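Visitor: I would like a close look at one part of this model. Please start with the overall fold, then go on to the central sheet and its surroundings.

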Amino acid sequence: MVAEGALAAGCRFFAGYPITPASEIYEVMMRELPAQGGLALSAPDEISSLCYCVGASLRGLKAMTATSGPGWALMIETLQYALMTETPLVVALVQRLGPSTGGATQGAQGDVWLSEFSTSGGYTVPVFAPSTAAECYAVALEAFHWAERLRTPVVLLSDKEVGMTSEVVEDESLPRPTQVTRPRFAGGRAYLPYGFASPEEVPAFAPVGGDVKVTVTGSAHDQQGRLRKNSPEVLEVLRHLERKIAAHADEMARVRPDLDPGARTLLLSYGVTARAARQAVAARRAEGARLSFLQPLTLFPVPRRELDWALAEVDTVLVAEENLTGQYRAALAPYLGKRRVVGINKIGGLISPSEIIRAVRAAEA
Amino acid sequence: MAEKPSLYLAPEAALPYCRGCGHALVVRHLSQALERLKLPPRSVVLATDIGCVGLADSLFPYLHTVHTTHGRSTAFATGMALAEAVLEPTGLKPVVMIGDGGAMIGLLHLVHAAQLNVDITVLVHNNFLFGMTGGQHSAFTPEGFVTATTPAGNWTPPLDLVTLLGAARAGFLARQYATDAALAEVIADAIAYPGFALVEVFELCTAYGTRWNRLTGSSLKELVAQQGLEMGRRSTRPERPAFLDLYRQQQAGREKKAPAAEVPPLTTRAALDRELRLVVAGSAGERVQSAASLFCRAALAAGLYVTEKNDNPVTQGTGFSLAEICLSPRPIEYTGLESPDVVIVASADGWKELAANGTFDRCRAGTLLVLDEDLLEKFPAAARLGGRRLPLPLRGRATPAGAALAGLAAWLALDPVLPAAAWESALAALPEERRAPLQQALRLGRELAESAPATPS
């Protein structure tokens with residue numbers, strides 16, 4: 001459904017390299033993209049996959065690749081290049097058990113930090129995390145929307161359990177695709193490849209190969225794309241890379257809230273674990289407990305406004321995720337105030353509803 | 001005398017290279033090559049990356065320029081060239097300028113671009129070392145050559161890039177000196193070539209190469225000859241179709257794919273009013289996951305929500321194969337098997353995996369275990385498991401390849417969670433030639449159920 005969503009969003013270029021559990025996206029794109037007039041290609045490694053995507057995106061095509069942790073590790077230098085050059089693209093990162101080769105056929109949610117905190121300089125990369133097949137489709141549309149709208153790489157952070165489980169999807173549950181494309185340079189003035197009217201907005205795009213001379217560089221640059229060191233203009237361009245994301249964080253926030261206004265406890269989960277969490281919430285409520293639930297689909301930028309709403313009456317927060325160190329819990333910590341924060345963490349298998357129920361009961365006791 | 005302004009290259013004074021550096025010669029030859037071809041500046045993109053040669057992008061103010069990451073400019077250029085297959089063709093000519101360091105770290109990009117025969121031209125500026133970072137050696141450094149990292153002389157042989165890319169079926173390969181009068185012509189021919197073209201240019205690094213080695217223009221030629229590297233045009237295969245031509249042929253020959261047949265929904269809905277979780281386990285290659293998928297489609301036809309997830313060893317074709325399935329009249333959240341309602345085991349491989357992954361430990365008194373009857377003998381522990389057991393001659397009667405499906409059919413005959421017509425609906429979505437063996441396994445499974453004891457023990 002990630003591939004279906006990408007096709008519906010207008011993706012016309014895909015380069016892939018086999019890796020479980022992301023190979024199905026690769027195979028679907030190889031099969032379906034040519035029929036839609038696009039190009040899907042097998043790359044000789046993951047570095048090439050993402051470089052090919054950047055090259056195609058520089059020519060104006062919506063581009064995507066799909067990988068898992070080990071392949072993502074190889075892509076990070078190129079991801080940073082896309083970030084610096086404001087090149088839109090989507091990487092579907094289907095998590096599996098790490099570290100290293102880890103468990104190819106075992107699910108995990110251990111690449112949250114690796115997806116978000118992988119750029120030197122520490123810039124925000126939008127990250128979306130689906131929990132169901134239908135959400136994979138919806139989030140793929142979002143990923144392309146924001147990649148294009150903000151000229152940025154976007155990570156679609158799925159996992160083996162979401163990516164390789166077949167399930168029934170009702171057509172009517174799928175959002176209608178909209179085609180958003182990066183703003184194009186309309187002419188009428190000299191073209192500044194990295195020029196912006198305000199730091200919150202993105203430069204107009206002109207494709208490599210078009211009538212307007214384009215200068216692209218991954219080095220620190222001014223608005224013309226000239227390599228410069230710490231000039232005020234260069235620093236302004238660098239600050240803009242973060243400000244354009246921060247300024248649209250509220251618009252980018254997608255959450256599935258299920259709040260009980262009287263509850264003092266908030267359970268928060270994302271990706272596949274949100275499924276077990278929803279079941280646990282229903283079971284606890286059937287027992288008479290008051291419990292709120294929040295599932296962020298946008299992991300980064302952290303949906304602050306929605307989080308604040310969910311936290312308003314709450315003194316205990318539980319975060320359920322399939323990793324040992326509580327990666328998203330740690331990322332949320334600055335926004336949770338003095339509330340008690342409890343992690344529900346595990347590796348090597350799905351966190352079950354009863355494990356979550358036990359943790360919630362213990363926290364409430 | 002005033003310099004004639006070039007359509008391509010910045011004025012001579014702007015060249016940032018050390019006195020005597022070969023890079024300056026190559027950029028001049030490139031500019032002459034573009035003039036020779038009369039290419040409009042906007043139809044060329046220069047891809048450069050890290051290294052002194054990477055400064056070239058700022059020297060061609062009218063071309064598109066893309067300054068990339070170390071050694072990767074070949075791959076970025078390949079992506080730009082591939083996009084021609086999707087866009088209205090513009091005839092864009094990507095020209096990649098890398099050094100020997102970039103060619104080393106980006107070797108696979110060169111190999112793949114050559115295999116694809118994408119329309120890019122790569123100029124490798126080979127001065128045998130990393131100049132920008134202080135003169136360290138590369139994979140292209142000759143034997144005996146002194147660099148910052150081989151102070152006693154390099155002791156590994158240099159890579160013969162042209163021969164290597166010949167093995168990758170590159171269409172156009174040449175090896176020249178930066179001082180060759182013919183270099184502009186060779187570069188022009190490389191750019192004009194409609195597929196992958198690479199020109200390796202030997203040159204001097206006057207900051208390090210000539211400082212640490214007795215190296216002059218003429219001794220460079222001796223050095224190259226000592227290394228057994230042949231000069232000149234090495235491979236031109238005009239007959240090799242370029243990527244775009246091949247791709248268009250492929251696209252034209254692509255058959256319109258018939259849409260996948262749909263599973264016709266039934267008017268009779270399943271009577272299931274609760275969630276039901278089952279696991280089907282057997283051996284790889286014995287159609288366990290196919291049986292599970294058929295069952296899931298049957299459940300879908302009967303109006304149920306279904307999830308299915310499969311597992312097998314990484315080798316795919318040996319060992320166990322299993323599928324975990326949830327059925328529900330309502331959307332399914334958790335897809336794991338906290339406690340299975342039904343376990344179907346078609347072989348010893350399946351049994352061992354369920355024992356190893358803890359499925360048997362999670363069986364309750366109400367769990368129904370449908371298993372091949374031989375397993376009771378092979379695994380005496382089976383008799384002590386919680387839940388009810390229904391041993392059937394699945395493998396003996398329905399063959400190993402039909403055992404899993406027969407097990408599912410037997411269970412459904414005893415506990416009709418789905419209407420019988422649901423199987424027919426699921427089969428209708430399959431090509432006709434695949435249906436007969438499945439129908440046979442389903443029939444045998446139902447027969448086994450009829451002769452089974454009324455209450456499983």
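Visitor: What radius of gyration does chain A have, and what would be expected for a compact globule with 365 residues?

Guide: Chain A has a radius of gyration of 21 Å; a compact globule of 365 residues would have one near 21 Å, so the two agree. The radius is taken over C-alpha atoms, and the globule rule is 2.2 Å times the number of residues to the power 0.38. This is a predicted model: local features need pLDDT of at least 70, side-chain atom pairs count only at pLDDT 80 or more, and totals for chains, interfaces and linings use all residues. Residues are numbered from 1 along each chain as its sequence is written, while chains are lettered from A and ligands numbered from 1 in the order in which they are written.

The C-alpha atoms of chain A fill a box of roughly 65 × 45 × 40 Å along the principal axes. Chain A has 13 helices and 14 strands. These are DSSP runs, numbered from the N terminus: helices are H or I with at least four residues, strands E with at least two. Of the 365 residues in chain A, 54% are buried. Buried means 20 or more other C-beta atoms within 10 Å of the residue's own; exposed means 12 or fewer, and partly exposed lies in between, with C-beta atoms placed from the backbone.

Now the sheet. Chain A holds an open sheet of 7 strands, in the order β2-β1-β3-β4-β6-β5-β12, with mixed pairing. The edges are β2 (39-42) and β12 (298-300) of chain A, each pairing on one side only. Strands pair if DSSP finds at least two bridges between them. Further in, β3 (residues 63-67) and β4 (residues 89-95) of chain A are parallel partners over 4 bridges. There T65(A) stands opposite V91(A) in β4(A). Helix α4 (residues 69-85) of chain A packs on this sheet, touching β3, β4 and β6 (153-159) of chain A. The direction of α4 makes about 160° with that of β4(A). Axes are lines fitted to C-alpha atoms, for helices over the stretch in contact, and angles run from 0 to 180 degrees between N-to-C directions.

What lies around V90(A)? Beyond its neighbours within four places in sequence, V90(A) is in contact with A6(A), M64(A), A143(A), F144(A), A147(A), V154(A) and L156(A). Contact means C-beta atoms, placed from the backbone, within 7 Å. V90(A) is also among the residues with the most contacts inside the largest nonpolar core, which has 192 residues. Helix α6 (residues 133-149) of chain A gives this core its largest share, 12 residues. Such a core is a set of buried Ala, Val, Leu, Ile, Met, Phe, Trp, Tyr and Cys residues joined through C-beta atoms within 7 Å.

Finally, the partner chain. The contact between the chains takes 50 residues from chain A and 44 residues from chain B. Among the elements of chain A that each supply at least two residues are β2, α4 and β7 (165-167). Helix α3(A) gives the most, 9 residues. The chain A side has 24 nonpolar, 16 polar and 10 charged residues. Here Ala, Val, Leu, Ile, Met, Phe, Trp, Tyr, Cys and Pro count as nonpolar, Asp, Glu, Lys and Arg as charged, and the others, Gly among them, as polar. Strand β7(A) runs antiparallel to β11 (residues 305-311) of chain B, joined by 3 bridges. In that pair, T165(A) stands opposite K309(B).

Methods:
Contact = placed C-beta atoms within 7 Å.
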